[in-house]
Amino acid sequence: MNDLPKKILVAFDDSPSSYKAFEYALDLVENGSGPYMLTVFSVVQSPDLIDVPMDIEPMIDSQRSKLQKAQKTLTEKAQAAKQTISTQCVVGHPAEAIVDYANQNRFDMVILGNRGRSRIAEWLLGSVSQQVATHARCTVTIVK
């Protein structure tokens with residue numbers, strides 16, 4: 001029997017579906033046969049501003065601050081449920097960052113919502129959840 005904690009990564013972008021994914025993960029941790037290590041992972045997407053003389057750091061800092069504030073709320077919610085989580089916030093392409101982090105840190109499962117961006121952006125760029133499900137080397141659970 002394996003007593004190592006099951007490592008679960010929750011992709012979180014402050015969208016309604018990412019909150020559902022977090023709730024699903026928290027319920028799994030509370031009611032499953034642990035032990036579990038739960039990490040909430042957020043990605044600040046850097047705007048693709050090519051040939052535009054503009055400092056994008058304030059935009060990135062603003063988005064990072066917003067995500068970290070939301071992560072703090074999730075941490076408090078987990079503590080109220082007597083669970084401990086860790087959080088991580090990086091800058092990059094969401095699907096690539098999630099897959100890379102999950103693979104490099106050998107997570108057993110990634111849980112994410114089915115929709116974070118607009119339908120038009122999803123149509124043009126592809127679904128983050130679809131890309132993660134295709135490229136992650138672990139189980140991927142998509143919460144609707």
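Reader: What share of the 144 residues of the protein counts as buried?

Author: Good place to start! This is a predicted model, and the protein has 144 residues. The cut-off for buried is under 20% relative accessible area. By that rule, the buried share of the protein is 38%.

Reader: And how many helices and strands does the protein have?

Author: You can walk along the chain to find them. From the N terminus on, the elements run β-α-β-α-β-α-β-α-α-β. In total, the protein comes to five helices and five strands.

Reader: Which element gives the most to the largest nonpolar core?

Author: Let's look at the members. The largest nonpolar core has 18 residues, and Ile8, Val10, Phe22, Leu38, Ile85 and Ile111 touch the most other members. Strand E1 (6-11), helix H1 (16-31), strand E2 (36-44), helix H2 (57-80) and strand E4 (109-113) each supply at least two residues of this core. The element that gives the most, with five residues, is H1.

Reader: Why might such nonpolar side chains sit together?

Author: There is a general tendency behind this. In soluble globular proteins, nonpolar side chains tend to be buried together. In this model, a second, separate core of 17 residues includes Ala11, Phe41, Val43 and Val128.

Reader: Which residues does phenylalanine 22 touch, not counting residues up to four places away in sequence?

Author: Phe22 is one of the residues that touch the most other members of the largest core. Leaving out residues up to four places away in sequence, the list for phenylalanine 22 is Val10, Val40, Leu74, Lys77, Ala78 and Ile85.

Reader: Is the aromatic pair of phenylalanine 12 and tyrosine 19 stacked or edge-to-face?

Author: The structure holds three aromatic pairs, and this is one of them. Phenylalanine 12 is buried, with a relative accessible area of 2%, whereas tyrosine 19 is partly exposed at 31%. Their ring centres are 5.0 Å apart. Planes over 60 degrees apart count as edge-to-face, and with 85° between the planes this pair is edge-to-face.

Reader: How many residues apart in sequence are the parts tied together by phenylalanine 41 and tyrosine 101?

Author: These two rings form a stacked pair, 4.5 Å centre to centre with 20° between the planes. Phenylalanine 41 is buried, with a relative accessible area of 2%. Phenylalanine 41 lies in strand E2 and tyrosine 101 in helix H3 (residues 94-104), so the pair ties together parts whose distance in sequence is 60 residues.

Reader: Which residue joins Phe41 and Tyr101 in a cluster linked by ring pairs?

Author: The cluster is linked by ring pairs, and its other member is Phe107. That ring has a further neighbour, since the model places a lysine over the face of phenylalanine 107, at 5.0 Å from the ring centre. The lysine is lysine 7, and the cluster member you asked for is Phe107.

Reader: Which elements do the buried residues of H3 pack against?

Author: Eight of the eleven residues of H3 are buried, so this helix is largely enclosed by the rest of the structure. The buried residues include Pro94, Ile98, Val99 and Tyr101. They pack against E1, E2, strand E3 (85-91), E4 and helix H5 (128-135).

Reader: Which residues of E4 point the other way from Met109, Ile111 and Gly113?

Author: Five of the five residues of E4 are buried, so the strand is largely enclosed by the rest of the structure. In a regular strand the side chains alternate between the two faces of the sheet. Met109, Ile111 and Gly113 point one way from E4, and the residues that point the other way are Val110 and Leu112.

Reader: What is the bridge partner of valine 110 in E5?

Author: E4 has a strand partner in E1, paired in the parallel sense over three bridges, with valine 10 opposite isoleucine 111. E4 also runs parallel to strand E5 (residues 139-143), joined by five bridges. In E5, the partner of valine 110 is valine 140.

Reader: What distance separates the C-alpha atoms of glycine 34 and lysine 6?

Author: Glycine 34 is found in the loop between H1 and E2. At 41% relative accessibility, glycine 34 counts as partly exposed. Glycine 34 and lysine 6 are 28 residues apart along the chain, and their C-alpha atoms are separated by 6.8 Å.

Note on methods. Residues numbered from 1 in each chain as written. Predicted model: local features only at pLDDT ≥ 70, side-chain atom pairs only at ≥ 80, totals over all residues. Heavy atoms only, no water. Core = buried A, V, L, I, M, F, W, Y, C linked by side-chain atoms within 4.5 Å. Buried < 20%, exposed > 50% of the residue type's maximum accessible area, 1.4 Å probe, protein only. Helix = DSSP H or I, 4+ residues; strand = E, 2+ residues; numbered from the N terminus. Contact = heavy atoms within 4.5 Å. Phe/Tyr/Trp six-rings, centres within 6.5 Å; stacked < 30°, edge-to-face > 60°. Lys NZ or Arg CZ within 6 Å of the ring centre and 35° of its normal. Pairing = 2+ DSSP bridges.
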